[in-house]
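Let us take a walk through this structure together. Have the viewer open and turn the model as you read.

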Amino acid sequence: MENLLTLWEGSGAYNLTLGQTLMIAVGLGLLYLAIAKKFEPLLLVPIGFGGILANIPEAGLAISALDQAIEVARPAVLHQMAMALGATLDPLAGEEAWRATLKALVDNGASPDQLRAAKDVAMNVGYGDGLLYTFYQVAVASGIAPLLIFMGVGAMTDFGPLLANPRTLFLFLGAAAQFGIFATVFGAVGPVSALGWMDFSIEQAAAIGIIGGADGPTSIYVSSVLAPELLGAIAVAAYAYMALVPMIQPPIMRLLTTKREREITMTQLRPVSKLEKIVFPLALLMLVALFLPDAAPLLGMFCFGNLMRECGVVERLTDTAQNALINIVTIVLGLAVGSRLMAESFLALETLGIMALGMVAFAIGTAAGILMAKLMNVMSKMPINPLIGAAGVSAVPMAARVANKVGLESNPHNFLLMHAMGPNVAGVIGSAVAAGVMIKYLG
Amino acid sequence: MENLLTLWEGSGAYNLTLGQTLMIAVGLGLLYLAIAKKFEPLLLVPIGFGGILANIPEAGLAISALDQAIEVARPAVLHQMAMALGATLDPLAGEEAWRATLKALVDNGASPDQLRAAKDVAMNVGYGDGLLYTFYQVAVASGIAPLLIFMGVGAMTDFGPLLANPRTLFLFLGAAAQFGIFATVFGAVGPVSALGWMDFSIEQAAAIGIIGGADGPTSIYVSSVLAPELLGAIAVAAYAYMALVPMIQPPIMRLLTTKREREITMTQLRPVSKLEKIVFPLALLMLVALFLPDAAPLLGMFCFGNLMRECGVVERLTDTAQNALINIVTIVLGLAVGSRLMAESFLALETLGIMALGMVAFAIGTAAGILMAKLMNVMSKMPINPLIGAAGVSAVPMAARVANKVGLESNPHNFLLMHAMGPNVAGVIGSAVAAGVMIKYLG
Amino acid sequence: MENLLTLWEGSGAYNLTLGQTLMIAVGLGLLYLAIAKKFEPLLLVPIGFGGILANIPEAGLAISALDQAIEVARPAVLHQMAMALGATLDPLAGEEAWRATLKALVDNGASPDQLRAAKDVAMNVGYGDGLLYTFYQVAVASGIAPLLIFMGVGAMTDFGPLLANPRTLFLFLGAAAQFGIFATVFGAVGPVSALGWMDFSIEQAAAIGIIGGADGPTSIYVSSVLAPELLGAIAVAAYAYMALVPMIQPPIMRLLTTKREREITMTQLRPVSKLEKIVFPLALLMLVALFLPDAAPLLGMFCFGNLMRECGVVERLTDTAQNALINIVTIVLGLAVGSRLMAESFLALETLGIMALGMVAFAIGTAAGILMAKLMNVMSKMPINPLIGAAGVSAVPMAARVANKVGLESNPHNFLLMHAMGPNVAGVIGSAVAAGVMIKYLG
Amino acid sequence: MQDVELLEEGLALMGLGMGFVFVFLTVLVIVTTLMSLVIRRFAPEPPAPAATPARSPAPARQDDELMAVIGAALHRYRQRHRR
Amino acid sequence: MQDVELLEEGLALMGLGMGFVFVFLTVLVIVTTLMSLVIRRFAPEPPAPAATPARSPAPARQDDELMAVIGAALHRYRQRHRR
Amino acid sequence: MQDVELLEEGLALMGLGMGFVFVFLTVLVIVTTLMSLVIRRFAPEPPAPAATPARSPAPARQDDELMAVIGAALHRYRQRHRR
Ligand code: NA
Ligand code: NA
Ligand code: NA
């Protein structure tokens with residue numbers, strides 16, 4: 001009988017909080033979007049599932065051994081842990097209060113040495129770090145997973161279209177599109193925080209702004225450095241908006257261009273030699289080394305992947321970087337990001353703010369890219385279709401495809417895809433550079 | 001000359017103990033069974049080889065830097081380590097006694113802080129953790145490897161046959177077959193321990209009983225939580241009996257059924273829609289979350305793998321989970337399990353007890369599945385061939401194939417394979433649920 | 001304005017030292033050799049790129065959180081770290097001196113406990129271990145990466161040619177070729193150190209000598225154990241000379257053999273049965289266990305890979321060991337080795353000494369193999385072409401191909417490839433045995 | 001004495017464990033059967049059901065759905081945890 | 001007060017960031033264009049440029065090149081850091 | 001003085017090392033040759049040797065073999081280490 005009670009009191013149904021219920025619903029919603037609507041499923045399936053796992057009560061999949069012990073250990077263990085943390089628990093306060101006291105100590109007061117000692121106590125009585133917690137520490141907090149993904153993305157990226165015409169053209173579009181990032185940072189600390197709507201620090205604002213870069217691993221990397229407490233919401237927003245490119249961009253594109261502009265046909269791209277493709281990642285790396293070392297992890301791994309791809313002598317490594325390795329890392333990264341979908345941090349007004357600001361960043365970036373393309377079209381001899389400016393936000397290759405599609409609507413013989421790939425990959429570099437500036441300035 | 005002596009005194013031949021010799025023979029025996037007899041070779045080849053590596057004298061592949069230093073370091077280092085452990089070594093006792101004292105301190109008396117300090121001493125003079133020890137800590141003690149294997153198994157499992165007819169049928173067979181697990185737990189603490197034949201704690205009994213679940217990763221996971229000291233023997237028994245399904249089950253099947261029963265033809269299975277297959281892992285996950293959070297790591301990863309498989313939008317992740325990832329984890333897990341084949345723990349009477357109890361668990365599970373099927377056949381309108389009840393122990397897909405084969409012996413036109421796959425995969429869920437109950441109750 | 005200054009003072013261009021510039025040039029040079037000249041590109045592309053990344057100023061990709069904090073943290077953090085290290089910084093000395101003091105403390109004086117405390121300070125203010133530093137610790141310092149590569153090499157090695165005729169023949173050639181290793185060790189502590197040209201310890205000399213074994217992972221493994229400070233230079237030399245086999249060996253081969261000897265035709269090899277191939281890695285493992293446990297990690301993993309290959313029942317593990325796993329490990333290992341290409345240690349006269357000694361080791365090994373083959377040709381009834389002796393240095397399969405090619409020059413109908421594969425794979429075993437002896441004696 | 005306790009504990013674990021496994025799988029059977037019934041009624045197979053919704057929806061709605069999913073969860077949460 | 005500081009910081013970050021992104025990509029454009037010009041002049045495409053050098057060189061030179069790469073770097077380094 | 005020691009150590013390592021490599025590989029040659037002889041005599045190639053035993057044995061025996069492997073090892077071990 002008592003055993004039955006233990007089982008019931010340890011069950012999810014008994015312990016489920018409202019927050020956890022809602023977060024499980026959010027996880028199911030993300031899975032629905034990923035599976036039924038094909039919203040970036042490679043990331044959103046693991047993230048959504050990880051979000052559900054993280055919110056299963058009592059399972060402790062997303063928390064450390066120490067936190068798990070604080071939540072569920074017997075009173076005797078709690079007292080031992082308190083001793084390790086250099087505190088004593090008021091005998092009259094009762095179990096719930098003891099747990100709250102310990103949690104507060106662990107989150108704030110305790111020194112690293114005391115935390116180690118308390119963790120030793122928890123481990124000794126059999127508690128272990130949750131699987132998703134371990135994944136988060138190993139893959140995200142260390143920065144390793146987003147960097148390996150970026151290496152894989154580099155190994156899949158063809159810089160040919162960009163190299164065919166870098167002059168005054170593609171990279172400026174890629175740069176302009178990053179305006180969404182910085183405008184959003186300003187907006188987040190400006191109107192939003194200053195007017196008291198929400199309360200974002202400048203670091204948080206920077207991490208939110210990067211969503212506008214439309215680049216998942218860059219967003220995760222920046223927010224793991226600058227605002228780990230928002231990582232879950234930021235990653236979800238980043239991948240969701242990458243998936244939403246075909247919905248968000250076309251109206252803005254139609255609004256800011258005339259039909260005649262959308263019909264502009266661009267000149268054929270020249271062929272690019274193998275050697276140019278080999279030298280480009282090295283040239284980019286040298287510039288990063290000289291001018292923005294803080295972007296070196298991101299762009300360094302990106303260039304490494306691209307060099308492996310183009311050099312033509314390490315096909316087996318390229319193949320692994322594009323397949324087995326990036327897939328393994330994606331699974332681990334997705335589950336780890338999902339582990340940050342916890343009620344306390346996700347179900348705050350801030351999350352809606354993040355979603356809204358991310359959307360704004362995205363829209364401003366799209367608009368800035370288009371407007372810059374219009375300006376360049378006026379100033380340059382070469383005709384430039386302003387639609388390709390919208391591809392500068394990155395979201396490779398979705399944004400380029402959208403530009404192509406909207407172009408075809410106006411002129412069914414005007415294929416812009418390859419022309420849009422230039423600003424598209426330039427946008428990846430652009431947002432990594434923006435990330436580097438933010439980390440340099442705020443990190 | 002002195003150098004030659006060093007070489008000889010550091011050689012395996014000089015240091016080989018009887019236990020190590022026998023364990024190397026056990027390792028070779030496992031390799032023989034795996035290679036010549038095709039006993040679950042994917043696991044038993046790495047486990048057998050790991051067992052040999054772990055028993056190479058002086059190599060220290062399966063022990064920590066600290067233990068390695070205690071075994072082979074110079075006296076000066078021993079004294080340093082004793083100091084770090086807060087003890088002093090009796091100068092008169094001699095080297096062998098010093099090593100024994102240190103070993104005893106490390107295994108029992110010392111605090112985590114002292115252990116860290118002693119380890120620092122060992123690392124400083126150049127000792128490092130053995131490869132298999134590292135694999136064990138990273139992959140097994142953390143729980144990561146069995147969970148990733150379970151994810152891969154989920155990605156390979158088709159729940160179609162189970163979904164085609166869950167009603168009153170397949171899942172009950174899967175449940176009944178778990179009776180072997182619990183009967184064995186009771187037997188291990190009952191007759192075996194109470195009568196003083198061997199001395200198993202209730203945790204050990206639970207870990208042994210799970211062998212009857214015929215599911216390797218579940219056995220390893222449970223025993224890494226409840227009885228790590230028996231992990232080597234339990235893993236070997238679990239995989240050996242999974243391989244022995246075609247020998248163990250048929251006699252029991254023939255004993256408990258009449259020829260007429262074995263000839264029963266079952267009705268055609270209905271087709272199952274894609275959406276049902278997508279929703280099933282999520283429904284299962286919700287039930288786990290509500291009623292048995294302690295099974296959430298195992299069944300959560302299993303459902304995750306299965307959802308990736310069925311959702312149809314992340315083929316590249318499914319492919320990696322089924323191939324590169326599960327293969328890498330299998331190699332590491334196998335070697336890590338092999339590292340637990342050490343003479344002191346394996347060459348005890350308990351191991352024979354574990355083998356015997358595992359066999360009993362297996363036989364009872366098979367019998368319970370068949371008897372339940374007979375009962376259901378009597379009670380239900382739909383004809384049920386009792387042979388498929390035996391498949392409920394899991395050992396996917398071997399047990400289902402055995403049921404099919406024995407059925408064909410009685411009626412050469414009666415293909416039971418797809419009907420047996422239902423209880424077969426239900427058996428996987430059933431033993432994971434049983435594992436969750438044990439961990440909840442004893443963990 | 002102040003912000004601009006911050007950006008400039010944190011840029012690479014402002015902080016670049018001469019050493020870093022030169023090391024980046026070395027990295028580019030290695031990439032050139034790897035890509036344009038096809039010098040072992042699988043390793044030299046990651047090593048060269050890692051070398052560049054490691055020398056990007058301020059990026060800290062190759063150093064620990066602690067070192068990074070010492071290099072770039074604000075003065076307040078420096079004082080905190082000094083306190084953690086049990087020291088105080090002279091207020092008058094100035095920032096540069098403080099950093100130097102802390103660096104000296106960390107590299108020498110501090111206890112493990114103090115280092116942990118100082119690291120806690122660095123982590124608390126946001127510094128993290130660099131990516132390449134983490135790769136080095138996890139993959140190289142632990143010994144894991146070279147051992148997994150060796151497992152993969154085992155899974156790719158066919159011992160058939162060796163088994164077809166082990167008697168008096170192939171293994172002696174493999175043994176003789178290791179003379180280069182030991183002669184170089186003696187040379188490094190003899191003339192080179194004793195005459196005061198350079199100053200190598202006996203451990204360093206041993207790690208350098210192993211270059212003559214022409215086996216990359218063995219070199220990295222030995223030098224990670226005996227001389228981690230030289231690891232970068234030794235790994236570069238080892239892989240460079242493996243690539244240079246077609247340049248270095250032919251002149252020596254022509255010098256030491258007459259045209260008539262090079263024309264010797266060898267008798268057909270007998271077919272080798274599957275069972276012999278399965279038993280061989282186990283027999284080798286038993287000998288290692290009995291006589292040289294210190295070679296157990298290297299040869300154990302090698303035999304494990306080979307057993308997986310030959311046993312024929314774990315194809316999917318073999319496939320992963322030969323592809324996804326070895327490729328992932330190669331990427332990580334290459335970058336990790338590249339992280340040791342730091343100016344202070346690489347741009348020393350010692351590096352030229354290592355390159356020169358490695359070359360000498362290589363040449364002596366080649367010569368010893370040829371001379372031993374000549375001796376055996378005289379003494380044995382069976383005709384032996386001395387060219388195959390040169391393949392005993394390993395560098396599989398390059399050295400065997402070179403022997404074949406030089407043989408064809410003298411007799412266009414004399415295919416030596418399969419005959420040369422015997423000593424070639426024997427050379428792998430031979431240098432791993434040599435590595436074991438050195439580690440036993442000096443480790 | 002201790003043996004009896006151990007025996008009792010073994011017996012309890014057996015009863016509890018088997019009972020729980022049966023109850024759990026029974027509930028799973030019920031839920032699965034209901035799920036199948038619902039799906040077969042409301043989303044019958046032929047036009048691959050998971051693909052159908054992706055084809056039809058008005059583009060503008062997809063964005064709303066994301067907001068809706070998160071918004072609704074947040075709304076209900078904040079209703080109770082006013083802060 | 002603090003809000004104003006935050007606003008200023010946001011403004012500074014925006015100006016600095018956009019400026020830096022533009023400058024960086026401009027430099028990248030220039031470098032890339034120059035690189036392409038040089039390559040197209042001195043190593044025109046058809047005979048796959050990366051492969052060409054590998055075919056021709058005298059074997060003996062390759063070894064020298066390795067020594068040259070490291071030797072030259074070392075030489076320049078030691079010239080300054082005499083120790 | 002120290003140089004002489006170092007030299008001596010180098011010489012010892014050379015002699016010891018080369019000696020050991022030769023002895024080890026000689027033993028390996030002998031063992032391998034014997035192994036091949038035995039295998040070619042008792043399990044000649046054509047009927048793929050590893051597969052043969054798997055086909056014939058009486059099912060019941062396989063289980064015994066597992067027990068036998070472990071049981072024999074355990075038996076011999078416990079004979080000596082009575083506890
Ligand atoms: Na971007
Ligand atoms: Na089961
Ligand atoms: Na060699």
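The paragraphs below go from the sodium sites to the relation between the copies, and then to chain D. Please keep in mind that this is a predicted model.

A good place to start is the sodium ion (ligand 3). Which protein atoms are its donors? They are the O atoms of Gly213(C), Val393(C) and Gly427(C), together with the OG atoms of Ser394(C) and Ser431(C). These donors lie 2.4 to 2.7 Å from the ion. Along the chain they follow the spacing G-x179-V-S-x32-G-x3-S. Two of these residues, Gly213(C) and Ser394(C), link distant parts of the chain, being 181 residues apart. Gly213(C) sits in the loop between α14 (202-209) and α15 (216-226) of chain C, while Ser394(C) belongs to the loop between α23 (349-379) and α24 (398-410) of chain C. Both Gly213(C) and Ser394(C) are buried.

Now move to chain B and the sodium ion (ligand 2). Its coordination comes from Gly213(B), Val393(B) and Gly427(B) through O, and from Ser394(B) and Ser431(B) through OG, at 2.4 to 2.7 Å. The donor residues are spaced G-x179-V-S-x32-G-x3-S in sequence. Here the pair to look at is Ser394(B) and Ser431(B), which are 37 residues apart and again link distant parts of the chain. Ser394(B) is in the loop between α24 (387-390) and α25 (398-410) of chain B, whereas Ser431(B) is in helix α26 (residues 417-442) of chain B. Are these two serines buried or exposed? Buried means under 20% relative accessible area, so Ser394(B), at 0%, counts as buried, and Ser431(B), at 1%, is buried as well.

How are the copies themselves related? A turn of 120° with a shift of 0.0 Å along the axis lays chain B on chain C with an RMSD of 0.0 Å. This is the relation of a three-fold axis. To find the axis from chain B, look for Ala324(B): its C-alpha is the one in that chain nearest the axis, 3.6 Å from it. Why can we say that the copies meet through different surfaces? Because only 7% of the interface residues of chain B are also interface residues in chain C.

Finally, turn to chain D. Its secondary structure comes to three helices and zero strands, and the elements run α-α-α from the N terminus on. Of the 83 residues in chain D, 36% are buried. The chain exposes about 5100 Å², with carbon and sulfur atoms supplying 63% of that area.

Definitions and conventions: Residues are numbered from 1 along each chain as its sequence is written. Chains are lettered from A and ligands numbered from 1 in the order in which they are written. This is a predicted model: local features need pLDDT of at least 70, side-chain atom pairs count only at pLDDT 80 or more; totals for chains, interfaces and linings use all residues. Side-chain values use heavy atoms; hydrogens and water are left out. Donors are N, O and S atoms within 2.8 Å of the metal (3.2 Å for Na, K and Ca); water is not among the atoms, so sites may look incomplete. Helices (H or I, at least four residues) and strands (E, at least two) are DSSP runs, numbered from the N terminus. Buried means under 20% relative accessible area, exposed over 50%, partly exposed in between (1.4 Å probe, protein chains only). Copies are superposed by least squares on the C-alpha atoms of residues with pLDDT of at least 70 in both. Contact means heavy atoms within 4.5 Å. Accessible areas come from the Shrake-Rupley method with a 1.4 Å probe; for residues, only the protein chains shown count as cover.
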